[in-house]
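Biologist: I should be grateful for a close look at one part of this structure, namely the surface near the RNA strand. Please then set that surface in the context of the rest of the chain.

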Amino acid sequence: MADTAKHKVVTRFAPSPTGLFHIGSVRTALFNYLYARQNEGKFILRIEDTDKARSKMEFEEDIKGGLKWLGLESDEFYRQSERTEIYKKYLQKLLDEGKAYLDDKAIRLKNPNKKVIFNDIIRGEIAMQTDDVGDFVIAKNLDEALFHFTVVVDDFEMGVTHIIRGEDHIPNTPRHILLQEALGFNTPNYAHLPLILGTDRSKLSKRHGALSVNEYRAQGYLPEAILNFIAFIGWNPGGEREIFSKEDLVKEFSLEKIQKGGGIFNIERLNWYNGQYIRKMDTGKLAEDLLTYMPESWQSKAKESSEYWKKIVSVEKDRISKLSDIKDGIDYFFEEPEYNKEKLSWKGSSLDKTKQHLQAIVNMLKVLPEGELSPEQIKQAVWDYVEKEGRGEVLWPFRLSLTGRDKSPDPFTVSSILGKQKTIQRLEHAIAKI
RNA sequence: GGCCCUAUCGUCUAAUGGUUAGGACAACGGGUUUUCAAUCCGUUAAUCGGGGUUCGAUUCCCCGUAGGGUCACCA
């Protein structure tokens with residue numbers, strides 16, 4: 001029996017390991033975690049693996065790994081498949097007391113067919129007539145207790161004070177209360193969360209696309225961004241602040257401020273949060289994390305010259321919204337750019353003219369000192385010319401000969417990172433091409 | 001279909017028995033020394049409908065409507 005006396009609040013996250021750790025489950029886990037931490041309570045992870053056919057260890061590992069990555073550490077861990085004896089004891093008790101009975105193949109609860117009323121923290125009073133569930137099955141046999149029964153027994157045994165779960169469990173609650181009454185347990189507090197919905201407004205499920213936490217992780221979403229984003233579906237502290245760290249959430253969280261209506265999972269908003277958190281990251285750390293998202297050949301180059309890589313990262317840092325974005329649009333830092341010479345000219349300008357501009361830039365750069373040049377230094381060196389000839393007229397071919405791309409950071413930044421030699425080399429290559 | 005839950009901009013949401021109904025994402029427009037980002041400024045945009053209660057309702061009540069959840073020897 002758990003030490004309930006020590007903790008005023010005990011919450012639990014109780015997933016069944018029958019699928020990957022789902023983004024909808026993340027919020028249930030998060031809210032249980034937040035509420036426990038906020039009240040200096042206990043947060044329990046309980047694997048509900050009574051369905052032997054569907055439960056798989058790989059899913060359990062996926063859930064645990066996901067929780068760890070998100071930083072939602074639990075204080076205690078249980079696995080229902082290891083608690084058969086406990087369920088058996090209570091099952092026998094119910095049988096002995098005549099509150100349950102064995103029919104052909106299963107153990108059923110004798111349903112008093114009463115009206116059950118409970119007070120949901122989020123929704124207020126909910127009343128339901130229990131006739132329609134009849135003498136529902138609570139176990140296949142003494143050694144195989146089923147969901148409704150194991151949940152009730154475990155929540156009691158573990159001293160769970162607050163059951164925070166999805167609203168898809170509302171219809172189950174009257175059965176659990178019937179069971180609690182039969183067993184002589186107190187009814188814990190219930191808080192049924194609104195569901196996270198797909199874009200079609202139905203409960204988020206596999207057909208809505210990427211859902212597993214690990215997939216988001218693989219795409220380069222940050223745990224802080226996911227937590228912040230997920231917390232704000234169905235909950236809001238009031239006020240106009242949008243960015244909340246896990247610690248902020250622990251401080252501000254309250255069950256009373258949870259929304260009643262379901263909320264759509266909006267990836268655009270997640271992307272925005274993720275970008276915000278990327279921008280707040282330390283560049284060194286980001287440079288390290290970004291490495292794994294790159295093709296191997298670039299990766300080794302980046303490792304060889306970490307200063308070079310850091311400069312690239314400091315520029316890309318506010319251009320990407322998820323880590324995997326890094327591989328798009330930085331090829332010119334690792335390979336010679338490829339492009340058609342026609343692209344070099346700015347809006348209808350002639351190639352001859354373009355060639356002149358490029359040559360002029362080369363000349364101006366050549367007289368600059370060797371060694372590191374800042375974007376400002378480079379800009380200063382060419383700016384008078386640029387102003388005289390037209391910005392796009394000069395800057396577009398400058399940038400294009402360095403990057404070969406329609407879209408990229410400005411030519412001063414790129415050439416500063418590339419270095420004087422490389423910059424001149426690429427400009428001369430462009431000139432030769434024309 | 002039975003039972004249950006829900007309803008504010010396209011989306012996530014704030015607020016109140018009396019407000020120009022606020023913020024964020026997205027979209028659009030503009031600034032930010034060429035482009036694309038990032039950033040800054042701005043614009044468009046909402047209280048599901050009908051009855052009550054009330055001096056006044058988006059807010060409280062009822063009825064509709066719409067959406068969702070759930071109806072296993074799954075969880």
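Modeller: The account below begins with the surface near the RNA and then turns to a sheet, the domains and the nonpolar cores. The model is a predicted one, and every statement should be read with that in mind.

RNA strand B is surrounded by 58 residues. The closest of these are E48, K105, G261, G263 and D410. By class, the residues of this surface comprise 26 charged, 17 nonpolar and 15 polar. Several elements of secondary structure each supply two or more residues to the surface near RNA strand B: the strands β7 (124–129), β8 (137–141) and β13 (263–264), together with the helices α9 (267–280) and α15 (391–403). Of these, α15 gives the most, with 5 residues.

Strand β8 leads from the RNA surface into a sheet. This open sheet has 4 strands in the order β4-β5-β8-β9, and their pairing is antiparallel. At its edges lie β4 (100–102) and β9 (144–145), each of which pairs on one side only. Between β8 and β9, which run antiparallel, there are 2 bridges. Within this part of the sheet, A139 stands opposite A145 of β9.

The domain assignment comes next. Chain A is divided into domain 1, covering residues 282–333, and domain 2, covering residues 341–433. The centres of the two domains, taken over C-alpha atoms, are separated by 23 Å. Domain 1 contributes 6 residues to the contact between them, and domain 2 contributes 9 residues. On the side of domain 1 that touches domain 2, the residues divide into 4 nonpolar, 1 polar and 1 charged.

There remains the question of the interior. The largest nonpolar core has 82 residues, and those with the most contacts inside it are V26, L30, A225, I226 and I230. Helix α1 (residues 23–38) provides the largest share of this core, 9 residues. Domain 1 (282–333) and domain 2 (341–433) are also represented, for the core draws at least three residues from each. As for I226, when its neighbours within four places in sequence are left aside, this residue is in contact with V26, L70, Y216 and Y221. A second core, separate from the one just described, has 19 residues, including I107, F149, V151 and A182.

To return to the part requested, the surface near RNA strand B includes 26 charged residues, and α15 is the element that gives the most to this surface.

How values were computed:
Residues numbered from 1 in each chain as written. Chains lettered and ligands numbered in written order. Predicted model: local features only at pLDDT ≥ 70, side-chain atom pairs only at ≥ 80, totals over all residues. Near = placed C-beta within 6 Å. Nonpolar A, V, L, I, M, F, W, Y, C, P; charged D, E, K, R; others polar. Pairing = 2+ DSSP bridges. Domains from an automatic or database assignment. Contact = placed C-beta atoms within 7 Å. Core = buried A, V, L, I, M, F, W, Y, C linked by C-beta atoms within 7 Å. Buried ≥ 20, exposed ≤ 12 C-beta atoms within 10 Å, placed from the backbone.
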